[in-house]
Amino acid sequence: MKGLVLKDLYGVRFQIFGGLALLLLPSAMLMLMGGGMAVEDASHPVEISVVIYGIVNYISITLCSSFLVNTLGYDERSGWSKMQRTMPLTSGKIVGAKFAAMGVVLGLLTLLSLVLNVLAALIFSLPIEPMLALPLCMCMVQAIALSPTFTLGYRFGAKSTTAVYLGFMVLCAAAIIWLAFMFFLDYIGTAALRIICCAGLPALTAAVVAVSWVTGKRAVNVDI
């Protein structure tokens with residue numbers, strides 16, 4: 001299974017490194033803004049500074065990890081999706097490798113975003129709680145979008161993955177925007193938002209990943 005995970009990581013390593021190099025630019029620009037992002041000197045509410053970093057986290061985590069969707073197409077075009085059926089690999093290992101690669105990439109991207117956010121919070125006196133929560137929430141949202149995409153890709157073929165992934169991302173983005181508006185309009189309090197982010201979102205992520213993994217194994221078995 002380790003080889004399957006490395007295969008997927010090697011297949012998209014240049015895209016991920018290139019995306020990271022590109023997306024580190026806005027983070028660096030925010031860090032170089034100096035006092036303009038500091039709470040005590042800013043002419044805008046602290047929420048705007050946090051939202052700016054949240055947008056950067058969202059783009060960084062989603063864009064770089066979205067390249068994993070392409071691995072299904074690589075497997076199909078190279079013939080690997082058929083060749084691996086002749087090897088002593090169970091459907092659980094085949095599907096599990098995709099989820100393991102997703103976990104590695106999302107973990108690294110989230111860790112990088114957390115480091116940058118903590119530095120920004122310390123330098124510019126931004127509230128630490130949302131700066132820690134944003135990357136973690138974006139990571140879980142991306143896992144919710146990627147997991148069923150892998151499963152449906154095994155079921156209907158790699159050609160459907162891009163459209164499926166974009167559809168899930170639109171739904172996730174709409175949910176985030178709706179939640180943000182509800183919070184800023186005071187329809188949702190801080191306590192309710194903490195419950196959603198710290199309990200509801202992790203539970204939903206775990207459920208989606210588990211269901212996608214089980215249905216993905218069945219899709220692989222049916223394909224055999």
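This report describes the fold, the surface and selected side-chain interactions of a predicted protein model.

## Basis of the model

The model is predicted, and local features need pLDDT of at least 70, side-chain atom pairs count only at pLDDT 80 or more, and totals for chains, interfaces and linings use all residues. Residues are numbered from 1 along each chain as its sequence is written, while side-chain values use heavy atoms, with hydrogens and water left out.

## Overall architecture

The protein contains nine helices and zero strands. Here helices (H or I, at least four residues) and strands (E, at least two) are DSSP runs, numbered from the N terminus. Read from the N terminus, the order of elements is α-α-α-α-α-α-α-α-α.

Of the 224 residues in the protein, 41% are buried. Buried denotes under 20% relative accessible area, exposed over 50%, and partly exposed the range in between (1.4 Å probe, protein chains only). A contact requires heavy atoms within 4.5 Å. Among the contacts with a separation of 6 or more, 80% join residues 24 or more positions apart.

## Surface and nonpolar patch

About 11700 Å² of the protein is exposed, and carbon and sulfur atoms supply 75% of this area. Accessible areas come from the Shrake-Rupley method with a 1.4 Å probe; for residues, only the protein chains shown count as cover.

A nonpolar patch on the surface is formed by Val51, Ile55, Ile59, Leu63 and Phe184, with about 410 Å² of accessible area together. Patches are made of residues with over 30% relative accessible area and no salt bridge; like charges are joined within 9 Å, and nonpolar side chains (Val, Leu, Ile, Met, Phe, Trp, Tyr) within 5 Å. Helix H3 (residues 46-65) contributes the largest share of the patch, namely four residues. An α-helix has 3.6 residues a turn, so residues three or four places apart point the same way. Val51 belongs to helix H3 and is partly exposed, at a relative accessible area of 36%.

## Helix H4 and its surroundings

Helix H4 spans residues 70-78, and Thr71, Leu72, Gly73 and Asp75 are buried in this helix. The cover over the buried residues of H4 includes helix H1 (2-11), helix H5 (80-83), helix H6 (91-124), helix H7 (128-156) and helix H8 (161-184). Gly79, just after H4, adopts a positive phi of about 85°.

## Salt bridges

The whole structure holds five salt bridges. A salt bridge is defined as a side-chain nitrogen of Lys or Arg within 4 Å of a carboxyl oxygen of Asp or Glu. Lys7, Asp8, Asp75 and Lys98 are linked in a network of such bridges.

Within this network, Lys7 pairs with Asp75, and the closest N and O atoms are 3.0 Å apart. This pair links distant parts of the chain, since Lys7 lies in helix H1 and Asp75 in helix H4, 68 residues apart. Lys7 is partly exposed at 26% relative accessibility, whereas Asp75 is buried at 8%. Lys98 forms a salt bridge with Asp8 at 3.1 Å, N to O. Here Lys98 of helix H6 and Asp8 of helix H1 are 90 residues apart in the chain. Lys98 is buried at 3% relative accessibility, and Asp8 is likewise buried at 3%. Asp75 and Lys98 also meet in a salt bridge, at 2.9 Å from N to O. That bridge joins helix H4 to helix H6 across 23 residues.

## Aromatic and cation contacts

A pair of aromatic rings is described by the distance of the centres and the angle of the planes. Rings of Phe, Tyr and Trp (its six-membered ring) pair if their centres lie within 6.5 Å; planes under 30 degrees apart count as stacked, over 60 as edge-to-face and the rest as tilted. The count is one aromatic pair. The rings of Phe99 and Phe150 have centres 5.9 Å apart and planes at 80°, so the pair is edge-to-face. Phe99 lies in helix H6 and Phe150 in helix H7, so the pair ties together parts 51 residues apart in sequence. Both Phe99 and Phe150 are buried.

Lys217 lies over the face of Trp213, at 4.1 Å from the ring centre. A charge sits over a ring if NZ of Lys or CZ of Arg is within 6 Å of the ring centre and within 35 degrees of the ring normal.

## Environment of Thr110

Thr110 is located in helix H6 and is buried at 5% relative accessibility. Leaving aside residues up to four places away in sequence, Thr110 touches Ile61, Pro135, Leu136 and Cys139.
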